[in-house]
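Q: Please take one part of this model and look at it closely. Start from a single residue, then work outward through its surroundings to the rest of the chain.

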Amino acid sequence: MKIRALMLALLCSVLATHANAILVNWDASIDAMQEVPQNMSMGTGSAFGTLDTDLNLLDWNISWSGLSGPVTAMHFHGPAAPGANAGVQVNIGAISGFVSPSIGSTMITDTQETQFLAGNWYINIHTAMHPGGEIRGQVTVPEPATLALFGLGLAGLGLSRRRRA
C-alpha cells in the first residue's frame, strides 16, 4: 500500500512539474536573400513551431516551394545572427525527411535552448544546385511570447510566495 501511495505521489509530482512548462511559439520566413552568400533562387518557405522550455522539446513545421531541385539537406544552424554562418545544431532532414511540410521534433540542450530563444538559430534548406544552402530563415521568437514568459514567471513567483506564507 505504501509503495502505491509513493508511486502515485511521484506521478503527481512529475505531472505537476510538467503542467508548469511554457510553450514558446517561434517562426521563420525563409528565402534566398537571407543566405550567406545570397543567391538568385526563387524558392521561399516558412516555418513555425514551439519550444517546451521544461522538456527542451523543439517542434517544427517547415514548408517550402520553388526550389531549384529536390532538397538534399535541411538543418537548424547556430548560434549566428542574421548574415553570419554557423554549424549544424539539428539535422532536420534526418528526423523528418525532405518533404514539404517537414514536421518533427527533437530534444535540445539547455545551451541550445538559450541560443534558440535569443534568435541565434536559423533554418537552412540545401539542394544540389546550392549545396551550401538555397534558402535560409532566421528563427524569431515573437515579442508577445517573451512578455508572456516574463508574466508567467512573475505569476509563478507570486503563487510560490503565497504558498509559503
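A: **Ile92 and its surroundings**

Ile92 is found in helix 2, residues 92-96. Helices here are DSSP runs of H or I with at least four residues, strands are runs of E with at least two, and both are numbered from the N terminus. The model is predicted, with local features needing pLDDT of at least 70 and side-chain atom pairs counting only at pLDDT 80 or more, while totals for chains, interfaces and linings use all residues. Residues are numbered from 1 along each chain as its sequence is written, and side-chain values use heavy atoms, with hydrogens and water left out.

Ile92 has 0% relative accessibility, so it counts as buried. Buried means under 20% relative accessible area, exposed means over 50%, and partly exposed lies in between (1.4 Å probe, protein chains only). Leaving out residues up to four places away in sequence, Ile92 touches Trp60, Ile62, Met74, His75, Phe76, Gly97, Ser102 and Ile123. Contact means heavy atoms within 4.5 Å. Take Met74: it is 18 residues from Ile92 in sequence, but their C-alpha atoms are 5.4 Å apart.

**Strand 4**

Phe76, one of the contacts of Ile92, lies in strand 4. This strand is mostly covered: 6 of its 7 residues are buried. Strand 4 has pairing partners. It runs antiparallel to strand 7 over 6 bridges. There, Ala73 has His126 of strand 7 as its bridge partner. Strand 4 also pairs in the antiparallel sense with strand 5 (residues 88-91), over 3 bridges. In that pairing, Phe76 stands opposite Val90. Two strands count as paired if DSSP finds at least two bridges between them.

**Aromatic pairs**

Now the rings. A search of the whole structure finds 6 aromatic pairs. Rings of Phe, Tyr and Trp (its six-membered ring) pair if their centres lie within 6.5 Å; planes under 30 degrees apart are stacked, over 60 edge-to-face, and the rest tilted. Trp26 and Phe76 have ring centres 5.8 Å apart and planes at 75°, so this pair is edge-to-face. Trp26 sits in strand 1 and Phe76 in strand 4, so the pair ties together parts that are 50 residues apart in sequence. Trp26 has 3% relative accessibility and therefore counts as buried. Phe76, at 0%, counts as buried because of that value.

Phe76 also forms an edge-to-face pair with Phe116, with 6.2 Å between centres and 70° between planes. This pair links distant parts of the chain: Phe76 is in strand 4, Phe116 is in helix 3 (residues 110-117), and they are 40 residues apart. Both Phe76 and Phe116 are buried. Ring pairs join Trp26, Trp60, Phe76, Phe116 and Trp121 into a cluster.

**The nonpolar core**

The largest nonpolar core has 26 residues. Such a core is a set of buried Ala, Val, Leu, Ile, Met, Phe, Trp, Tyr and Cys residues joined through side-chain atoms within 4.5 Å. Those with the most contacts inside it are Trp26, Leu58, Ile62, Phe76, Ile123 and Ile125. Strand 1 (23-31), strand 2 (44-52), strand 3 (57-65), strand 4 (71-77) and strand 7 (122-127) each supply at least two of its residues.

Leu58 shows how the parts meet. Beyond four places in sequence, its contacts include Trp26, Thr50, Phe76, Phe116 and Trp121. Thr50 is found in strand 2. At 17% relative accessibility, Thr50 counts as buried because of that value. Its own contacts include Val24, Trp26, Leu57 and Leu58.

**Strand 3 and its partners**

Strand 2 and strand 3 pair in the antiparallel sense over 9 bridges. Ser46 has Ser63 of strand 3 as its bridge partner. The two strands form a hairpin with 4 residues between them, and Asn56 in the turn has a positive phi of about 60°. Strand 3 also pairs antiparallel with strand 6 (residues 102-107), over 6 bridges. Leu57 stands opposite Met107 there.

**The whole chain**

The protein chain has 4 helices and 8 strands. Of its 165 residues, 37% are buried. Among contacts between residues at least 6 apart in sequence, 66% join residues at least 24 apart. The chain averages a pLDDT of 85, and 74% of the residues score at least 70. pLDDT is the predictor's confidence in each residue, from 0 to 100. Over residues 1-18 pLDDT stays under 50, and the model has 4 contacts for them beyond four places in sequence.
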